[in-house]
Amino acid sequence: MPEQLPGGGPSVAPDGSGLPGQPVAPAPAPVPPAAPAAPAAPATQPAVALRPGTRGKDVKALQRKLRVRGIKVPVDGKYGARTRAGVRILQRKLKMKATGIANAALLAKLGLKVRAVASDPATLTAARYLKVFPVVGEYSYEDDFGDPRGQGAHQGNDIIGTVGMQLVSCVDGTISRLTREETGLGGIWIWIVDGQGNEYYYAHMASISPELKAGSKVTAGQFVGTMGMTGDARGTIPHLHFEVRPNGGGSINPFAELRAVDPKRT
Ligand SMILES: [Zn+2]
């Protein structure tokens with residue numbers, strides 16, 4: 001289902017990779033200016049920490065590790081009060097300072113390599129569904145699947161940009177349905193179905209490419225319309241609400257898929 005505006009909760013500042021939604025690592029400490037006889041910088045662990053307010057799959061991985069150790073925290077990818085409390089419990093067990101922040105030392109003990117996971121393209125899973133990222137231009141998105149929204153849990157990811165930004169087909173497929181008249185929460189929207197029956201939903205569009213109609217074939221990367229803020233996104237911020245529904249069933253979290261085909265990922 002479509003949804004309301006993205007955000008609302010604490011959002012995670014970009015980590016410099018240009019990828020919103022990744023855990024924020026504190027900037028490395030500035031290197032002192034080279035001075036004669038300056039001692040060599042000590043070897044330090046990577047400047048990585050997960051902390052309250054961080055969201056995303058790395059937080060989920062941390063939460064799973066806590067649960068494996070019998071510490072009851074939700075596995076929702078959101079570092080809230082319960083996760084902080086759980087981290088404190090673990091830190092006490094490990095005789096570490098109970099800060100509630102999962103710093104590099106703690107992450108290392110748990111076998112979690114956050115920075116590496118976030119920045120190493122080789123660790124990205126290949127896209128199973130998407131061939132092409134659905135938005136062209138300067139966009140941002142985060143893992144906001146399942147976030148509470150007015151109509152319930154968010155069923156897709158919101159890719160934020162500007163009105164008029166080009167949207168392209170993410171697969172080779174067929175336009176199964178569309179509306180150029182604002183209809184329902186999605187406003188102006190299209191559904192694309194690929195050859196395997198998987199469905200892709202684009203909502204809150206400003207316009208749909210004039211030659212498209214229900215039944216039109218599209219190829220991955222083909223222009224299908226423009227980003228807008230129609231439907232219940234009106235008055236919020238321009239974004240594409242994007243869903244992936246394998247075999248036309250329930251939606252899956254498309255975040256990893258988007259990352260896998262994101263030409264701007266770092
Ligand atoms: Zn949305």
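Which residue in S9 is the bridge partner of Arg-177? The legends below work round to that pair and its surroundings, starting with the chain as a whole.

**View 1. The whole chain, as a predicted model.** Everything shown here comes from a predicted model. The chain carries five helices and 13 strands. Its 266 residues include a buried share of 42%. Take the contacts with a separation of 6 or more: 63% of them link residues 24 or more positions apart.

**View 2. The hairpin of S8 and S9.** Here's the pair from the opening question: Arg-177 has Trp-191, in S9, as its bridge partner. That bridge belongs to an antiparallel pairing of S8 and S9, which runs over seven bridges. The two strands make a hairpin, with three residues between them. Look in the turn for Gly-184, whose phi is positive at about 65°.

**View 3. On to S10 by a second hairpin.** S9 also pairs with S10, again in the antiparallel sense, through five bridges. One place to spot this is Val-193, whose bridge partner in S10 is Glu-199. Four residues sit between the strands of this hairpin, and Gly-197 in its turn has a positive phi of about 90°. What about S9 itself: is it largely enclosed or largely open? Six of its eight residues are buried, so S9 is largely enclosed by the rest of the structure.

**View 4. The largest nonpolar core.** This core has 34 residues, and the ones touching the most other members are Val-135, Trp-189, Ile-190, Tyr-200 and Tyr-202. The elements giving two or more residues to it include strand S6 (157-160), strand S8 (173-183), strand S9 (187-194) and strand S10 (199-208). Also on that list are strand S12 (223-227), strand S13 (239-245) and helix H5 (255-261). S10 is the top contributor, with six residues. As a general pattern, nonpolar side chains in soluble globular proteins tend to be buried together.

**View 5. Around Trp-189, and a core elsewhere.** Leaving aside residues up to four places away in sequence, Trp-189 touches Leu-178, Thr-179, Tyr-201, Tyr-202, Ala-203 and Met-205. There is also a second, separate core, made of 14 residues. Leu-50, Leu-62, Val-87 and Ala-102 are among them.

**View 6. Two positive phi angles outside glycine.** Neither residue in this view is a glycine, yet Lys-95 has a positive phi of about 60° and His-204 has one of about 70°. You'll find Lys-95 in the loop between helix H2 (81-93) and strand S2 (102-103), while His-204 is in strand S10. Which of the two settings is buried, and which is exposed? Lys-95 is exposed, because just 7 other C-beta atoms lie within 10 Å, and 12 or fewer counts as exposed. His-204 is buried, because it has 30 C-beta neighbours inside 10 Å, and the buried class begins at 20.

**View 7. Arg-84 and the residues around it.** Arg-84 is in helix H2. It counts as partly exposed, because 17 C-beta neighbours lie inside 10 Å. Which residues does Arg-84 touch, not counting those up to four places away in sequence? The answer is Pro-52, Tyr-79 and Gly-100. Ala-98 is worth finding too: from C-alpha to C-alpha, Arg-84 and Ala-98 are 9.7 Å apart in space, with 14 residues of separation in sequence.

Conventions
Residues are numbered from 1 along each chain as its sequence is written. This is a predicted model: local features need pLDDT of at least 70, side-chain atom pairs count only at pLDDT 80 or more; totals for chains, interfaces and linings use all residues. A nonpolar core is a set of buried Ala, Val, Leu, Ile, Met, Phe, Trp, Tyr and Cys residues joined through C-beta atoms within 7 Å. Two residues are in contact if their C-beta atoms, placed from the backbone, lie within 7 Å. Two strands pair if DSSP finds at least two bridges between them.
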